[in-house]
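This report describes the fold content, nonpolar cores and internal cavities of the structure shown below.

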Amino acid sequence: MEAELLLAPITALEMVGDHLIAGEGPYIAIYSLEPNASPSARCSKQVLQNYTVHGIKEQQSLSPRDNQSPTLAVFGGKGFVVVELSFQNSSVELSEVFPFCELHDWIWDLQWMECRTERPSRVAVALGHNSVALYDCISQRVLQEVHCQEKCILYSAHLVGSHWETLVLVAGTVFHQLVVWGMADQADDTERIKPCSRISGHSGVIFSIRFSESQGILASASDDRSVRLWSIGDLRAPPAPVPCLLVCYGHQSRVWSVRLLRDYIISIGEDSACLVWTYQGKIVHSFKGHKGQGLRAVAVGEERGWVFTGGADSGIRHWCFKERSSTGNRLSQLDFASSGRKGSPRAVKLVDENHLLVMTDAGAVFSWDLISKNWAWLLQDAAYRSYSLLEVSKLASGDFLCAMGNLSGQVKVFPLSSPAQSKEINLFEGKVHNLTWAADPNRNLNTCSLFASGPAGALLWLEASWCPRGGTTVVLKQCFLLPVCKQRWHTCIAFLPREEFLLCGDRRGSLMMFACKPTPGLEEAQGGGEPGSSTSETACALPGFSFPIGSGELHAERPVSLLFGLHGKQGVTSVTSHGGFIYSTGRDSCYRQLQVKDRQLQVLRKQKPCKDLEWLEELRFGPDGSLRVLGFHATHFVIWSASSSERLLCIPCGGGHRSWSYAHCLSAETFAYIKSGEIWLYQSKDASSGQRILKAALHGRGMTCVCHVGTLEASGQERISVFATGSEDNTVNILAFNVQTRRVTQLAALGDHISSVRALTVVQNGVSQPEGERISAMLFSAGGRAQIECYRLTLSPKPDSSSSSSSVACQLVHVASHRLDEHWDYKKNKHKLIKMDPETRYMSVVVLARIEEAELPGPLCFLAAACSDASVRLFLLLENAKKLCLIAESFHHQHCVLKVEAFAYKMASGRRRHFMGSAATDGSIAFWDVTAALSHISAIVKTGDIPVKPLALESPVLTIQAHSCGVNSLHIRKTAKRHFVVVSGSDDGSISVHVIEVKAESAVGQETPARAGIQVIRKVSRLGAHAAHVTGVRLLHLNFLLSVSVDQRLTLWSLCEDSLSFVWSKFCHVADVAALECWETEGHSYRGVICGQGLQVLSWGLDVQGRKIKDGI
């Protein structure tokens, strides 16, 4: 068996020259820190057998040879090893200097000892029961071990000193104390050394200790959420008592580690935050970006101002903690109040990052130059007082056009460089509700499209242009009519590239699409004055309607596609087109991904990028594929990076309902807003986040399930295995594993669940494609709050995969969803129904059958779910109708149902008989014949009806007591015509194998056969197969059985006539193993995935020499 990939918590980090060394499970990986280096590891190797790396210590030496080839001591658990790094051009080699050593106790810290030899070979090791051992790597033996008088278990330790005679240990005990003792201190009669100091103050366990000899300061991080600094001076002669200099509270949970620098203190915690403190206790930086579960490791490059953090999410991030220039970022108030400027500011609009427009309630427009700090008056019109609509757009020539609207239905367009050449048009009898500029890719680059909303849902498309000699020109292009609603005006506009369609979002939350067909007869509204003059006129009358438009119903272009209330009642805030898809945002905290098919808008996905953003304003896509989300959290303007999961900007502006404007260009960004009648301005000359992702994160919490989707063949005969993982962080990740490079890439992240994801299953859509060229499947995810989500997944190799981070193209469409609480809410006479428990969880799901017949309106997919409320439920997916319906249920089990499996066989008539097996926490396994239920539901669907009331499933045809406690894993596989092997694993570590036989007894003259009987013909069991819960079992070919357990053992068994024979066992490096998935690759070779607190991909082959497949087993 070979381990091909491991994604586990990062437990150790160390900076060595221009490289970062990371510990992940028993592996260490080397990352280059050069600016243009690849984010992937240059080298990765297992060094600690089955222990997890806890620390990495570089051997400090002035020898040039050692500088070129750093020597590292890597320790964890009860063992350590000494390795050497060799850098040759672009390659890195990792070689073992001294062999792996395993001691009798856990290692908390390790320190290199100076010696007379050219290469130091002795290390001091702090052990878990408050002792220190001196170990010689050459002779591979412990030279000396001393014990402290304080007999207790340690939670942390820190060794200080490079000579054994002056070596001091600071130990964090289970009694919340810091115990300081030296190797050369006086021993008692039992040869135990008495501590020279005991330091108390923490109210929790101490997890990390650091000492700064130059400052005489000792730092400790604790379970009580605090970091404490102690003025200890000389460790070898500490004062009594040791005074506490500072107590730092800033973390929201336990503090795992602390580092002392010259000017700063660095701490990481379980709250996934890395805090940078001053020695006065002030937090100057708070780095957040990891996905939950906390940070486990930290490394610091003090001279460069670098911090590296490793998380339990298996991610590594690079931060910069050096203070930026005080003039780089600032929030300032503009001095607008002056005798020369009339009125109070009502609207602000940034022309670019260096120029700001301000419109007052007196109808005046002013310009502010952010570089020269000067105000300039542009124009004033009393007709535009008290109501301020101001929008600006850039022409291809570099000039800017501004538009204003008022309460009387007038719109004024003027160039920013020559405000006197304005054009005013009287469009409506009522007020202008909104103005929006939009770039039309199919039009002249020297023109801009302006959209104006008026009474009765009228939306006018105007085309504006300007030249110094010809003045301002405005042309009416088309009139649209918005759907009837209370707040009937548009909020955002965008043209669809390469198609004659216009996308529009309104204040009611609806998204619609219009056909762009300029109305014949619309004439140019152009002033007759000389260039430089301002003109005003009424738009020309046209067949079917006249200007100004009143409140009556208008005969205009209606939407060709309408998604009413897509974003709720608060409105659509933006709509844009990117990468062949449409994206819309709203004040419902979500954005939608859509596409146009047959002239209709179709929603593909609904995504919530950040739980703290209640109001999404806009999505901005970067050239590198990054995504920035602009929005508001309460009264703060926030820019969120969806790519790095971090908050890039947060400004307390008072909320999004006030006038505000944001501009971003290269590394500079500007944000302006009005608050309490004053203009505030935020400027940043360096808008970069200051971080770099060296290793992408996987999940924020433990994984609960994994499901293999399929295998693709990319360019160059690369094989890509695609699988899905579900987690307690409420997300599902679609991952692509490249078999050749052994790298994994995230294709998509699904965040539609409101609670943890407990189960995944997939069914192929039946699309006939050559092997490996395309995958089309339905993916089901289920979990907490009795929620099921269904997605259509299409995967294919990318033709230009060489230039892409992933060689797989993934298209994901959300098909349907179902929640039990919503199901009951739709029912009548709700007081007569037994309400579902809100804590009901789906523990397991499986596809029973997928039926495609000519009489059906579309494919039918039947799904079974094991539920925590002791029920087994059946669902029907109507793919064409995009509905997921509850069709049947049974409460036969009196305990929580943990697993459900499906199996079927084909009868002589050619029809298939469908069965289901369900396992519960009482150790029982029930077998159900669901053929009649599926046939009954199919017949109802053929009539055009949709099942409303769930059926009551018939009782199981057989129930067996397989175990004495809960069944955590279940697998059923056909071996002969009517023989099936049922393999189950239990809480008590036992494995049971039952061979069942299906007996079909058909009733004469009936279309549906009578219920089939099932009997057990053979039983094999193995008590104590594992030392903990068996969480995964799989029956392989040729009577081989694979099992995995929480004891982190992956074991292969051989099925014999009357026993389960051990073949081999492999230690897996994933803690809290939750699920196992495996599939055959070629011949008798397999590839598998184990998930839990991490993920591991393994491959193995079966020794099939002399083995034959036996009927029954």
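In this predicted model, the chain contains three helices and 87 strands. Buried residues account for 57% of its 1113 residues. Among contacts between residues at least 6 apart in sequence, 51% join residues at least 24 apart. The accessible surface of the chain is about 45,900 Å², and carbon and sulfur atoms contribute 47% of this area.

The largest nonpolar core comprises 29 residues, with Val-413, Leu-427 and Leu-462 making the most contacts inside it. Two or more residues come from each of β36 (400-405), β37 (410-415), β39 (434-438), β40 (447-453), β41 (458-467) and β42 (471-481). Of these elements, β41 gives the most, with five residues. Beyond its neighbours within four places in sequence, Leu-462 is in contact with ten residues' worth of surroundings that include Ile-425, Leu-427, Cys-448, Leu-450, Val-474 and Leu-476. A second, separate core of 27 residues includes Leu-848, Ile-851, Ala-926 and Ile-937.

A search of the whole structure finds three cavities of 30 Å³ or more. The largest of them holds about 70 Å³ of space. Its lining consists of 14 residues, and those nearest the centre are Ala-312, Asp-313, His-699, Met-703 and Gly-1094. Strand β87 (residues 1085-1101) gives the most to this lining, with three residues. The table divides the lining residues of the largest cavity by class.

| Class of lining residue | Number of residues |
|---|---|
| Nonpolar | five residues |
| Polar | seven residues |
| Charged | two residues |

Technical notes:
Residues are numbered from 1 along each chain as its sequence is written. This is a predicted model: local features need pLDDT of at least 70, side-chain atom pairs count only at pLDDT 80 or more; totals for chains, interfaces and linings use all residues. Side-chain values use heavy atoms; hydrogens and water are left out. A nonpolar core is a set of buried Ala, Val, Leu, Ile, Met, Phe, Trp, Tyr and Cys residues joined through side-chain atoms within 4.5 Å. Buried means under 20% relative accessible area, exposed over 50%, partly exposed in between (1.4 Å probe, protein chains only). Helices (H or I, at least four residues) and strands (E, at least two) are DSSP runs, numbered from the N terminus. Contact means heavy atoms within 4.5 Å. Accessible areas come from the Shrake-Rupley method with a 1.4 Å probe; for residues, only the protein chains shown count as cover. On a 1 Å grid over the protein atoms alone, a cavity is a set of points where a 1.4 Å probe fits but cannot get out, and a pocket is an open set with protein on both sides within 12 Å along at least five of seven lines; lining residues have an atom within 4 Å of a point. Grid points are joined across faces, edges and corners, and a volume is the space filled by probe spheres set on the points. Ala, Val, Leu, Ile, Met, Phe, Trp, Tyr, Cys and Pro count as nonpolar, Asp, Glu, Lys and Arg as charged, and the others, Gly among them, as polar.
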